[in-house]
Amino acid sequence: PTILASALVSAAPVTPWSAQHAEATALRHRLEILARHLEMGEGEAVDHAWVQRFVASHTRLVELGCRLEEGFVDVDSEVERLQHVLAHPRVL
């Protein structure tokens, strides 16, 4: 069989999975759940401590997004989600 030269060249370098990747993935998942529960009126009470935890988690996710390879964390979407959640009527 013939092997094309293009098949011998890797398409893109693979970035190894790191603890920061795992942390960003876990934070994104947690924030998605919290935002969904907020919209549905479910989950834990939305008080000052909840808002502080949500903002701190978002801040950490955006920090990681700035350190990890481009596109791993969609920083613009995360900022939009933060603004949306903070504007929600249940948020104090």
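The paragraphs below lead through a predicted model, from its nonpolar core to its aromatic pair and its salt bridges.

The largest nonpolar core has 17 residues, and those that touch the most other members are Ala24, Trp50, Val85 and Val91. Helix α1, which spans residues 19-40, and helix α2 each supply at least two residues of this core, and α1 gives the most, with six residues.

Tryptophan 50 deserves a closer look. With a relative accessible area of 3%, tryptophan 50 is buried, because the cut-off for that class is under 20%. If its neighbours within four places in sequence are left aside, tryptophan 50 is in contact with Leu34, Leu38, Glu44, Ala45, Val85 and Val91; two of these partners, Val85 and Val91, are also named with tryptophan 50 among the core residues that touch the most other members.

How many aromatic pairs does a search of the whole structure find? The search finds one, and the pair is formed by tryptophan 50 and phenylalanine 54, whose rings are stacked, with 5.1 Å from centre to centre and 15 degrees between the planes. Both residues lie in helix α2 and are four residues apart, which is about one turn of the helix. Phenylalanine 54, like its partner, is buried, its relative accessible area being 1%. Another ring, that of phenylalanine 72, has arginine 28 lying over its face, at 5.4 Å from the ring centre.

Further along helix α2, which covers residues 48-67, comes serine 57. Is serine 57 buried or exposed? Its relative accessible area is 19%, so serine 57 counts as buried, although the value lies just within the limit of under 20%. Apart from neighbours within four places in sequence, serine 57 is in contact with Leu27 and Leu31. The C-alpha atom of serine 57 is separated by 8.6 Å from that of arginine 28, a residue 29 positions away along the chain.

The charged side chains add a further set of links. Side chains of opposite charge can pair when their charged atoms come close, and the structure holds five salt bridges. In one of them, arginine 60 pairs with glutamate 23, the closest N and O atoms being 2.8 Å apart. Because arginine 60 lies in helix α2 and glutamate 23 in helix α1, this pair ties together parts that are 37 residues apart in sequence. Both residues are partly exposed, arginine 60 at 24% relative accessibility and glutamate 23 with a relative accessible area of 30%.

Arginine 60 also meets glutamate 63 in a salt bridge, at 3.6 Å from N to O. These two residues are separated by about one helical turn, because they are three residues apart in helix α2. Glutamate 63 is partly exposed as well, with a relative accessible area of 36%. Glu23, Arg60 and Glu63 are thereby linked in a network of salt bridges.

A further salt bridge joins arginine 30 to glutamate 44, with 3.0 Å between the closest N and O atoms. This pair links distant parts of the chain, since arginine 30 is in helix α1 and glutamate 44 in the loop between α1 and α2, 14 residues apart. Arginine 30 is partly exposed, at a relative accessible area of 39%, and glutamate 44 is partly exposed too, at 34% relative accessibility. Glutamate 44 is also one of the residues in contact with tryptophan 50, so that the account returns here to the buried tryptophan 50 of helix α2.

Note on methods. Residues are numbered from 1 along each chain as its sequence is written. This is a predicted model: local features need pLDDT of at least 70, side-chain atom pairs count only at pLDDT 80 or more; totals for chains, interfaces and linings use all residues. Side-chain values use heavy atoms; hydrogens and water are left out. Buried means under 20% relative accessible area, exposed over 50%, partly exposed in between (1.4 Å probe, protein chains only). Contact means heavy atoms within 4.5 Å. A nonpolar core is a set of buried Ala, Val, Leu, Ile, Met, Phe, Trp, Tyr and Cys residues joined through side-chain atoms within 4.5 Å. Rings of Phe, Tyr and Trp (its six-membered ring) pair if their centres lie within 6.5 Å; planes under 30 degrees apart count as stacked, over 60 as edge-to-face and the rest as tilted. A charge sits over a ring if NZ of Lys or CZ of Arg is within 6 Å of the ring centre and within 35 degrees of the ring normal. A salt bridge is a side-chain nitrogen of Lys or Arg within 4 Å of a carboxyl oxygen of Asp or Glu.
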